[in-house]
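Open the model in your viewer and keep the selection panel at hand. The tour goes from one selection to the next and says what is there.

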Amino acid sequence: MKKRNVAILGSTGSIGKASLDIFISDKKNFKVILLSAKSNYSLIIKQIKKIKPSYFIINDYDVFQKVSKKFNNSKTKILNNYKNLPIKINFDITISCIVGIAGLEPTIEFIKRSKKILLANKESIICGWHIINNISKKYKTTIVPVDSEHFSIHQLTKNFKNSDLKKIYLTASGGPFLKKPLSSFSKIRVKDAIRHPNWSMGKKISIDSSNLMNKVLEIIEAYKFFPFSIDKYEIIIHPQSLIHAVVIFKNGQVKFLYHETDMKIPIANAIYDNNFDITKIIKSKKQFLKNSTFLNFEKVDKKKFPIVTFLKRKIYNNSSPIILNASNEILVDCFIKGKISFNGIYRYLKLVFNDRDFKKYAIKKTPSIKDIYEIDNWAREKTLELIGDNNEK
Ligand code: NAD
Ligand code: MG
């Protein structure tokens with residue numbers, strides 16, 4: 001059988017590296033044609049030498065120049081922008097795993113060039129699902145969500161409609177602060193927040209997991225992706241992260257999907273359409289029977305994790321998610337840089353939502369790419385302005 005051509009957008013990240021490992025372990029069936037990253041020079045060099053892709057797209061201009069010089073006469077063409085990729089280059093599978101809204105445009109471009117997209121970049125679903133969905137229909141591209149909760153919902157709800165369902169729970173581990181007393185939240189440092197108990201992930205999503213913003217984003221992601229109404233979705237704490245979603249059906253059945261905490265499981269299942277042997281990809285860390293006695297579920301403590309209450313503000317509607325996402329990207333970055341405290345993330349988000357211009361930007365029903373950037377820009381500037389105005393951390 002002909003080898004399948006593969007692209008990975010964000011190949012130096014946590015999901016990108018996991019995906020690359022899967023393709024490397026099956027060179028007989030896959031050929032990695034294109035990789036992309038922002039600026040991790042040493043890993044980019046390593047990946048070019050090891051994988052020898054035909055193209056490597058590097059977002060950061062200085063790093064692009066440095067790498068271009070080094071691989072001047074190489075088989076790998078170094079590009080600074082996906083827009084410079086020749087039109088005839090197409091893919092069987094693309095993994096879209098850039099972090100943040102930066103993933104939106106490349107995802108849209110690669111839908112046009114790919115038979116199947118594994119979509120990890122949740123920010124692009126949240127902000128531009130209507131565009132992604134339209135283009136994927138036009139180009140007949142299959143989109144599989146690989147965020148673990150969404151992969152599970154996808155598997156569990158195939159052939160069911162909204163009226164068949166009672167509830168869909170997205171599980172949250174509760175992050176590193178599940179058992180930490182609320183009184184000490186004001187002292188949380190970046191290194192505590194990025195230390196996730198169950199998953200090893202990029203910095204941004206780790207911080208989003210520590211205050212449960214990740215679950216708020218994921219509820220919006222699910223609402224956009226699946227044909228189910230928002231009232232069906234709920235967050236539930238499940239500290240072991242072994243069940244990823246629970247679906248309660250009106251017919252009395254409850255289904256859930258259990259798998260170990262390794263993103264290679266949803267990614268590989270999406271690549272191979274569930275038809276493969278996982279032991280060829282990961283060594284099993286745990287055993288189902290040993291774990292099964294420890295499957296706990298509890299309600300979210302809204303005092304500790306007030307960010308989940310944003311869902312009550314209908315933050316999933318129209319262009320509100322673009323504002324939520326952009327402000328959050330800025331706030332996470334400011335927290336990492338020590339400009340605001342951990343609790344500040346929630347406080348500043350509230351200020352942005354209460355801003356007198358919020359409504360003006362939040363009501364666009366089907367924003368174009370240009371609108372998305374305009375709204376995203378307003379939210380970023382407004383957030384920075386509020387932080388600047390406020391001396392208190
Ligand atoms: P990461 O920070 O480890 O990697 C991000 C990747 O994006 C890197 O390759 C980086 O070079 C690239 N990138 C960053 N900014 C860019 C830009 N401006 N232009 C082009 N490339 C850029 O992140 P991650 O943990 O792998 O997460 C990636 C995406 O997958 C996120 O949207 C995240 O929410 C989602 N996701 C991750 C996990 C996980 O377990 N890590 C699970 C579910 C969903
Ligand atoms: Mg997830």
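The stops below cover a metal site, a ligand shell, two helices and two loop residues in a predicted model.

**Stop 1: the magnesium ion**

Select ligand 2, the magnesium ion, together with Asp-147, Glu-149 and Glu-218. These are its protein donors, Asp-147 through OD and the two glutamates through OE, at 2.1 to 2.2 Å from the ion. Along the chain the donors are spaced as D-x1-E-x68-E. Glu-149 sits in helix 6 (residues 148-156) and Glu-218 in helix 9 (residues 213-225), so the pair, 69 residues apart, links distant parts of the chain.

Now colour the two glutamates by accessibility. Are they buried or exposed? Glu-149 has a relative accessibility of 7% and Glu-218 one of 1%; both count as buried because the cut-off is under 20%.

**Stop 2: helix 6**

Stay with Glu-149 and extend the selection to the whole of helix 6. Of its nine residues, eight are buried, so the helix is largely enclosed by the rest of the structure. The buried residues are Ser-148, Glu-149, His-150, Phe-151, Ser-152, Ile-153, His-154 and Leu-156.

**Stop 3: ligand 1**

Select ligand 1 and display the residues around it. There are 22 of them, and the closest are Thr-12, Ser-14, Lys-38, Glu-123 and Gly-202.

Three polar distances can be checked here:

- Thr-12: a side-chain N or O atom is 2.7 Å from an oxygen atom of ligand 1.
- Lys-38: a backbone N or O atom is 2.8 Å from an oxygen atom of ligand 1.
- Glu-123: a side-chain N or O atom is 2.7 Å from an oxygen atom of ligand 1.

Turn on the surface next. On its own, ligand 1 has 830 Å² of accessible area, and the protein covers 87% of that. Helix 1 (14-24) and helix 5 (122-138) are the elements that each give two or more residues to the shell.

Which kinds of residue make up this shell? It divides into 10 nonpolar, eight polar and four charged residues. Colouring by domain adds one more point: domain 1 (4-146) and domain 2 (147-312) each supply at least three residues of the shell.

**Stop 4: Glu-109**

Move to helix 4 (residues 104-111) and pick Glu-109. Its relative accessibility is 19%, and it counts as buried because the limit is under 20%. Show the side chain of Arg-113 as well: a polar contact of 3.0 Å joins it to the side chain of Glu-109. Then draw a C-alpha to C-alpha distance from Glu-109 to Cys-127; the two are 16 Å apart in space and 18 residues apart in sequence.

**Stop 5: two loop residues with positive phi**

Most residues other than glycine have a negative phi. The last two selections have a positive one.

Select Asp-273, in the loop between helix 10 (264-271) and helix 11 (288-291). Its phi is about 50°, although it is not a glycine. Asp-273 counts as exposed, at 56% relative accessibility.

Finish at Lys-314, in the loop between helix 11 and helix 12 (320-336). Phi is near 55° in Lys-314, again a positive value in a residue other than glycine. With a relative accessible area of 46%, Lys-314 is partly exposed.

Terms used:
Residues are numbered from 1 along each chain as its sequence is written. Chains are lettered from A and ligands numbered from 1 in the order in which they are written. This is a predicted model: local features need pLDDT of at least 70, side-chain atom pairs count only at pLDDT 80 or more; totals for chains, interfaces and linings use all residues. Side-chain values use heavy atoms; hydrogens and water are left out. Donors are N, O and S atoms within 2.8 Å of the metal (3.2 Å for Na, K and Ca); water is not among the atoms, so sites may look incomplete. Helices (H or I, at least four residues) and strands (E, at least two) are DSSP runs, numbered from the N terminus. Buried means under 20% relative accessible area, exposed over 50%, partly exposed in between (1.4 Å probe, protein chains only). A residue is near a molecule or strand if one of its heavy atoms lies within 4 Å of it. A polar contact is a pair of N or O atoms within 3.5 Å; within protein, one must be able to donate a hydrogen and the other to accept it, and residues adjacent in sequence count only if both atoms are side-chain atoms. Accessible areas come from the Shrake-Rupley method with a 1.4 Å probe; for residues, only the protein chains shown count as cover. Ala, Val, Leu, Ile, Met, Phe, Trp, Tyr, Cys and Pro count as nonpolar, Asp, Glu, Lys and Arg as charged, and the others, Gly among them, as polar. Domain bounds come from an automatic or database domain assignment.
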